Amino acid sequence: MRRTSGESITTRQADAFAAGEASARVVRIANADHYVFRSNEPQVLEEIERFMATLPN
């Protein structure tokens, strides 16, 4: 079930966050559920690993 109004609110929230934090990197995963780590585990793990690679040792 698609929640278009919820999706547009989420999009606006993500856009506002990115605009307010210049160093932020907002990751958008298509067709993700609320529990994105369950519905899109491979993509989430990939993004976590990408983020961790940017951290100092």
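Me: Where is leucine 55 found?
Reply: Leucine 55 is found in the segment after α3 (41-53). This is a predicted model.

Me: Why is leucine 55 called partly exposed?
Reply: Its relative accessible area is 41%. Buried means under 20% and exposed means over 50%. The value for leucine 55 lies in between, so leucine 55 is partly exposed.

Me: Which residues make the nonpolar surface patch that includes Leu55?
Reply: Leu45, Ile48, Phe51, Met52 and Leu55 make the patch. Its area is about 490 Å².

Me: What makes leucine 55 fit the accessibility rule for a patch?
Reply: A patch residue needs over 30% relative accessible area. Leucine 55 has 41%, so it passes that cut-off.

Me: How many salt bridges does the structure hold?
Reply: The structure holds 4 salt bridges. One of them joins aspartate 15 and arginine 28.

Me: How do you know that aspartate 15 and arginine 28 form a salt bridge?
Reply: Their closest N and O atoms are 2.4 Å apart. The cut-off is within 4 Å, so the pair counts.

Me: What does this pair tie together?
Reply: Aspartate 15 lies in helix α1, and arginine 28 lies in the loop between α1 and α2. The pair therefore ties together parts that are 13 residues apart in sequence.

Me: Are aspartate 15 and arginine 28 buried or partly exposed?
Reply: Aspartate 15 has a relative accessible area of 39%. Arginine 28 is at 48%. Partly exposed runs between 20% and 50%, so aspartate 15 is partly exposed, and so is arginine 28.

Me: What else lies in that loop?
Reply: Valine 27 is found in the loop between α1 (4-20) and α2 (36-39). Valine 27 and alanine 14 are 13 residues apart in sequence. In space they are 8.9 Å apart, C-alpha to C-alpha. Valine 27 has a relative accessible area of 36%, so it counts as partly exposed.

Me: What makes arginine 50 and glutamate 46 a salt bridge?
Reply: The N to O distance is 3.1 Å. That is within 4 Å, so the side chains meet in a salt bridge. The two residues are 4 residues apart in helix α3, separated by about one helical turn.

Me: How do you know that glutamate 47 forms a salt bridge with arginine 50?
Reply: The closest N and O atoms are 3.3 Å apart. This is within 4 Å, so the pair qualifies. Both residues lie in helix α3, 3 residues apart.

Me: Why is glutamate 47 called buried?
Reply: Glutamate 47 has 18% relative accessibility. Buried means under 20%, so glutamate 47 is buried. Glutamate 46 is partly exposed at 42%. Arginine 50 is partly exposed at 40%.

Me: Which residues are linked in a network of salt bridges?
Reply: Arg25, Glu46, Glu47 and Arg50 are linked.

Me: How many aromatic pairs does a search of the whole structure find?
Reply: The search finds 1 aromatic pair. Tyrosine 35 and phenylalanine 37 form it.

Me: Why is this pair called edge-to-face?
Reply: The angle between the planes is 75°. Edge-to-face needs over 60 degrees, so the name fits. The rings are 6.0 Å apart, centre to centre, so they are within the 6.5 Å limit.

Me: How do you know that arginine 38 is within the distance limit for a charge over the ring of tyrosine 35?
Reply: Arginine 38 lies over the face of tyrosine 35, at 5.7 Å from the ring centre. The limit is within 6 Å, so the distance passes.

Technical notes
Residues numbered from 1 in each chain as written. Predicted model: local features only at pLDDT ≥ 70, side-chain atom pairs only at ≥ 80, totals over all residues. Heavy atoms only, no water. Phe/Tyr/Trp six-rings, centres within 6.5 Å; stacked < 30°, edge-to-face > 60°. Lys NZ or Arg CZ within 6 Å of the ring centre and 35° of its normal. Buried < 20%, exposed > 50% of the residue type's maximum accessible area, 1.4 Å probe, protein only. Patch = residues over 30% accessible without salt bridge, like charges linked within 9 Å, V, L, I, M, F, W, Y side chains within 5 Å. Areas by Shrake-Rupley, 256 points an atom, 1.4 Å probe, with all protein chains shown as cover.
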